[in-house]
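Work through these short exercises with the model open beside you. Try each task before you read its solution.

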Amino acid sequence: FTWDYGHTIGGVAQLDVKTDKLPFEKLIDNESDNDIKTYPIKLTVVDKNTLCSDSHIINFDVHPKLLPSFTADKLSGCSDLPVIFTNTSTGGVMSFDWDFKDGQSSKTGAVSETVAHTFTNRQAATQNYSVAMLATNSKGCRVEASKTIGVYPKVEAAFAFVQTSKCTPFPIDITNGSLNGTEYQWDFGHT
């Protein structure tokens, strides 16, 4: 029994010769990044006593392998951090589900679509978000890619004051309500 899988890999024909009719498993891969390939799977049977033979061919569609990937224009930065994600996936026609790991998500329907997202971190320590993109093809095959985005704590200047007197010069009681600062520069607006 000679099995011809209808294509080559690296110039080598994909053939198997079997001496029995037992079921077996064969992995068939598509060498194209984005196109469905049709391979004619051919079985040739020979009777070694009479040298009589016959062949049977079934065409088999092989979808491209899903290889989800993406780039980010920034991998880290200060909150509020705007990031643009560029999809660089291969694998034919796919849809994409994006999970930013901050409670927000997005869907795109083509590799050519970019995704913009702003990450906010109001904590006191750097937050790492493992952004995941799930690629799904028309056959329901799903593969995920991820990338970590580091977001430094948001720094916000804020203060309040109480004016205890209306007479000049007057004292004011200042309360620094800033978020996540380590150094504070005060400018009172005059020289």
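**Exercise 1.** List the residues that line the second largest pocket of this predicted model. Then find its volume and sort the lining by class.

*Solution.*
Step 1. Start with the N-terminal part of the list: Phe1 and Thr2 line this pocket, and so do Val17, Lys18 and Thr19.
Step 2. Add Thr44, Val45, Val46 and Lys48.
Step 3. Look for the element behind them. Strand β3 (residues 37–46) gives the largest share of the lining, 3 residues.
Step 4. Sort by class: 4 residues are nonpolar, 3 are polar and 2 are charged.
Step 5. State the volume: about 160 Å³.

**Exercise 2.** Place strand β3 in its sheet. Which residue of β4 is the bridge partner of Pro40?

*Solution.*
Step 1. Write the strand order: β2-β1-β3-β4. These 4 strands form an open sheet with antiparallel pairing.
Step 2. Mark the edges. They are β2 (12–17) and β4 (53–62), and each pairs on one side only.
Step 3. Add the twist, which averages 25° from one strand to the next.
Step 4. Follow β3 to β4. The two pair in the antiparallel sense over 10 bridges.
Step 5. Pick out the bridge asked for: Pro40 has Asn59 in β4 as its partner.

**Exercise 3.** Describe the largest pocket: what is its volume, and which residues are closest to its centre?

*Solution.*
Step 1. Give the volume: about 180 Å³.
Step 2. Count the lining: 13 residues.
Step 3. Name those closest to the centre: Ala157, Ala158, Ser178, Tyr184 and Gln185.
Step 4. Divide the lining by class: 6 nonpolar, 4 polar and 3 charged.

Conventions: Residues are numbered from 1 along each chain as its sequence is written. This is a predicted model: local features need pLDDT of at least 70, side-chain atom pairs count only at pLDDT 80 or more; totals for chains, interfaces and linings use all residues. Side-chain values use heavy atoms; hydrogens and water are left out. On a 1 Å grid over the protein atoms alone, a cavity is a set of points where a 1.4 Å probe fits but cannot get out, and a pocket is an open set with protein on both sides within 12 Å along at least five of seven lines; lining residues have an atom within 4 Å of a point. Grid points are joined across faces, edges and corners, and a volume is the space filled by probe spheres set on the points. Ala, Val, Leu, Ile, Met, Phe, Trp, Tyr, Cys and Pro count as nonpolar, Asp, Glu, Lys and Arg as charged, and the others, Gly among them, as polar. Two strands pair if DSSP finds at least two bridges between them. Axes are lines fitted to C-alpha atoms, for helices over the stretch in contact, and angles run from 0 to 180 degrees between N-to-C directions.
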